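User: I am a first-year student and would like a close look at one part of a protein model. Please choose a strand, explain its surroundings, and then connect it to the rest of the chain.

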Amino acid sequence: MKKNFVEELRWRGMLAQIMPGTEELLQKETVTAYLGTDPTADSLHIGHLAGIMMLRHLQMCGHKPIILVGGATGMIGDPSGKSMERNLLDAQTLYHNQECIKAQVAKFLDFNAEGDNAAEMVNNYDWMKDFSFLDFARKVGKHITVNYMMAKDSVKKRLNGDARDGLSFTEFTYQLLQGYDFLHLYETKGCKLQLGGNDQWGNMTTGAELIRRTLGVEAEAYALTCPLITKADGTKFGKTESGNIWLDAKRTSPYMFYQFWLNVSDADAERYIKIFTSLDKDTIDALIAEQNEDPGRRPLQKRLAEEVTVMVHSQAALEQAMEASNILFGKATKESLLKLDEQTLLDVFEGVPHYEMDKSLLGQQAIELFTREDVPVFASKGEMRKLVQGGGVSLNKEKLAAADYLVTANDLIDGKYLLVQRGKKNYYLLIVK
């Protein structure tokens, strides 16, 4: 007996809208389902994760997931929830982005599964690039009326003046292009179900309608959406002051990625652990009970951060992220500081004062360097001497034994940083140029 995919999404809070008959189809047979993603960058960000997790749960319930990279539709732009059109990408960039995305998605889906439910990746550019406008008008356009297209919320909002720039013809046809993807996958891969975010519902039902109008009412085509993920306070999920949280370690370091999940609110942690991990209901219920008993220990946030970081990066990346977190808040050593790559070092000490110092000053005593006007770590030499005597000053996580210690190039981390600590919590990062 197959695990019930719809039931799995329901208890996880991942079910928004579902076409009648979808659940029965999933119980009856192994279903091929697809979800579209946009290849406008060479990395996904955590805003894409809910959709990828839907595909992961689908495959774990024994069905076949297809991830569609919108090489063609990504060149146009989707009106739902957006106010601007996208930039056109060239074929080489699209291909590069597609390969990067596939490598990321392969951590969530099994592309080599035995049996009939191995994951697949397709790109709609492959079947749209030679499709002439006349062919499109004849094969697709004649089946869907303008009245039907105008009734969609995503189109209505743009036409009713909610967006200053209106709606271009290109974007207006987007739902037909997306609808044709569904028809093409139905005909070539037997794909009967489309998954997506709730803002895609209009486009998705257009696809199911196009299949029925093209192939007859007995054609089985269904749609199922996940709610748009927000924070408990209603604000947008996945954005920070510095922008998106990316899955690519070069764009968002595993440390920053781990910290993002670790710092979500209690209410969000309870929702996110169901959506963004594969932990079962019993495990999650036990963690929620533990959190309610002692919220200060934050077991939900810790387990969430661990699970998602391992899934997106690796166990080794998680361990490094946890070690990096201890540098600010725990008893870290110089050795753990030296293990950090430059980006993680800068991420860990992002919020501490940074001072630049000329390389020619190296070779002087610490008391001369750290009381300069341009490097005001200590207010005076007297203050520094007193703190050093009390064991309250560290250089690169090692206690400074004497204020007249000579600071040389050998003390530099990554050849250009000095980390000075005053007391328990005051850090200063000196960038030596």
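Analyst: The following account begins with one strand and then moves outward to other parts of the chain. The model is predicted.

The strand chosen is β5, which covers residues 222–226. Are its residues buried or exposed? Five of the five residues of β5 are buried, so the strand is mostly covered. The cover is found on both faces of β5. On one side stand Y222, L224 and C226, on the other A223 and T225, and all of them are buried.

Which strand pairs with β5 over five bridges? That partner is β4, made of residues 191–197, and the two strands run in the parallel sense. One of the bridge pairs may be located by name: G196 is matched with T225 in β5. In general, the strands of a sheet pair through backbone hydrogen bonds, and the pairing may be parallel or antiparallel.

Two cysteines belong to this region. C226, on the covered strand, has a relative accessibility of 3% and therefore counts as buried. C191 has 0% relative accessibility and is likewise classed as buried. A disulfide is, in general, a covalent bond between the sulfur atoms of two cysteines. How many disulfides does a search of the whole structure find? The search finds zero. C191 takes part in no disulfide, and the nearest cysteine sulfur, that of C61, is 16 Å away. For C226, the closest cysteine sulfur is again in C61, and because the separation is 14 Å, the two atoms are too far apart for a bond.

A further buried position is N124. This residue lies in the loop between β3 (120–123) and α5 (125–128). N124 counts as buried because its relative accessibility is 0%. When neighbours within four places in sequence are left aside, N124 is in contact with L68, V69, G70, G71, A72, T73 and D181.

The surface offers a contrast to these buried positions. F133, L134 and F169 form a nonpolar patch there, with about 410 Å² of accessible area together. F169 is placed in helix α9, residues 169–172, and it counts as exposed because its relative accessibility is 55%.

Attention may now turn to charged side chains. A search of the whole structure finds 24 salt bridges. In one of them, E8 meets K3 with 3.6 Å between N and O. E8 counts as buried at 8% relative accessibility, whereas K3, with a relative accessible area of 45%, is partly exposed.

Another salt bridge joins R251 and D42, with an N to O distance of 2.9 Å. This pair links distant parts of the chain, since its members are 209 residues apart. R251 lies in the loop between β7 (243–244) and α12 (254–262), while D42 lies in the loop between β1 (32–37) and α3 (49–60). R251 is partly exposed, having a relative accessible area of 40%.

A third example is the salt bridge between E342 and K416, in which the closest N and O atoms are 3.0 Å apart. E342 belongs to helix α18 (residues 342–348) and K416 to the loop between β10 and β11, so this pair ties together parts that are 74 residues apart in sequence. E342 has a relative accessible area of 31% and is partly exposed; K416, at 31% relative accessibility, is also partly exposed. Salt bridges may also share partners: K28, E29, K192 and E220 are joined into one network in this way.

The loop that holds K416 leads to a second sheet for study. What is the order of the strands in the open sheet of five? The order is β8-β12-β11-β9-β10, and the pairing is mixed. The edges are β8 (354–357) and β10 (398–399); each has a single partner strand, so one side of each is left without a neighbour in the sheet. Within this sheet, β9 (residues 393–395) and β11 (residues 417–422) run antiparallel and are joined by three bridges. S394 has Q421 in β11 as its bridge partner.

A last pair brings in one more helix. E335 is found in helix α17, residues 334–339, and counts as exposed because its relative accessibility is 58%. The C-alpha atoms of E335 and K397 are separated by 8.8 Å, although the two residues are 62 residues apart along the chain.

Definitions and conventions. Residues are numbered from 1 along each chain as its sequence is written. This is a predicted model: local features need pLDDT of at least 70, side-chain atom pairs count only at pLDDT 80 or more; totals for chains, interfaces and linings use all residues. Side-chain values use heavy atoms; hydrogens and water are left out. Patches are made of residues with over 30% relative accessible area and no salt bridge: like charges are joined within 9 Å, nonpolar side chains (Val, Leu, Ile, Met, Phe, Trp, Tyr) within 5 Å. Accessible areas come from the Shrake-Rupley method with a 1.4 Å probe; for residues, only the protein chains shown count as cover. A salt bridge is a side-chain nitrogen of Lys or Arg within 4 Å of a carboxyl oxygen of Asp or Glu. Helices (H or I, at least four residues) and strands (E, at least two) are DSSP runs, numbered from the N terminus. Buried means under 20% relative accessible area, exposed over 50%, partly exposed in between (1.4 Å probe, protein chains only). Two strands pair if DSSP finds at least two bridges between them. Contact means heavy atoms within 4.5 Å. A disulfide is a pair of cysteine sulfur atoms within 2.5 Å.
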